[in-house]
Amino acid sequence: MVDQTAPPASQTVSAVEHSLAHELWSFVKSLLLILILAVVIRGVALEAFYIPSSSMEPTLQVRDRIFVSKFWYGFRIPFKRTTLIPVRNPRRRDVVVFYRADDPQTLENEAKDAIIKRVIGLPGDVVEVRGTSVIVNGETLVEPYARWAEGGRIPGGDFGPQTVPEGRIFLLGDNRDHSKDSRFWQDSHFLPVENVVGRAFIIFWSTFDFWRIGNLL
């Protein structure tokens, strides 16, 4: 006996195909939304950076991976090196990621790479480096994060005293005797504040020391 109420096989196949197509389209939409959110977050809020050198040891080690808050100092235009709405200025001892203009007097193109250093001098500060002493406005800073592997005895390591211009900052690497920082820049020793991408705030991966994962900066 033939069941007169059963739908034709062609209709059943069509309904299944329609359901699969609907589910596939829902998956694609969800994936696109996730990708868009990831792009927006990376562009204006949070970005991961890789540490390629030892210039920030012992705070940051080679191959560490860190998250940088890109809205800490203001709202930035996505994928641009420009702050649209400033919120706050960098503070002394902040660890920041930045770009700087290419120095025509060097063989390297500094403009292409993100750089990470620690803020030491703020606008109006008088900054001086003598041996292993960093002096700001006449007072020697207490810096438990700093390493002086050569005892501060490197060519060109001393600096100043110089006054940090308005709208600029003075930066040093924590590994002081192995860091190309504000002391050695030929074009200008002071970085425009608007060149700061954001503040480094957490280590999310460390190749050589798992116990450092999760450390706040």
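Lys70 and Glu47 are both buried, and in this predicted model they make a useful starting point. The two residues form a salt bridge in which the closest N and O atoms are 2.8 Å apart. This pair links distant parts of the chain, for Lys70 sits in the loop between β2 (65-69) and β3 (74-76), while Glu47 belongs to strand β1 (residues 46-50), 23 residues apart.

Side chains of opposite charge can pair when their charged atoms come close. Counting such pairs with a cut-off of 4 Å between a side-chain nitrogen of Lys or Arg and a carboxyl oxygen of Asp or Glu, one arrives at nine salt bridges. Among them is the pair of Asp94 and Arg199, whose closest N and O atoms are 3.9 Å apart. Here Asp94 lies in the loop between β4 (83-86) and β5 (95-98), and Arg199 lies in strand β13 (residues 196-205), 105 residues apart; both residues are buried.

Another salt bridge joins Glu143 to Arg176, with the closest N and O atoms 2.9 Å apart. Because Glu143 is in the loop between β9 (139-140) and β10 and Arg176 is in the loop between β11 (168-172) and β12 (191-192), this pair ties together parts that are 33 residues apart in sequence. Glu143 and Arg176 are buried as well.

The strands can be followed in a similar way. Strand β7 (residues 126-130) pairs with strand β10 (residues 159-163) in the antiparallel sense over three bridges, and Val129 stands opposite Phe159 of β10. Strand β7 also pairs with strand β8 (residues 133-136), again in the antiparallel sense, over four bridges, with Val127 having Val136 in β8 as its bridge partner. Together β7 and β8 form a hairpin with two residues between them, and Gly131 in the turn has a positive phi of about 60°.

Key
Residues are numbered from 1 along each chain as its sequence is written. This is a predicted model: local features need pLDDT of at least 70, side-chain atom pairs count only at pLDDT 80 or more; totals for chains, interfaces and linings use all residues. Side-chain values use heavy atoms; hydrogens and water are left out. Two strands pair if DSSP finds at least two bridges between them. Buried means under 20% relative accessible area, exposed over 50%, partly exposed in between (1.4 Å probe, protein chains only).
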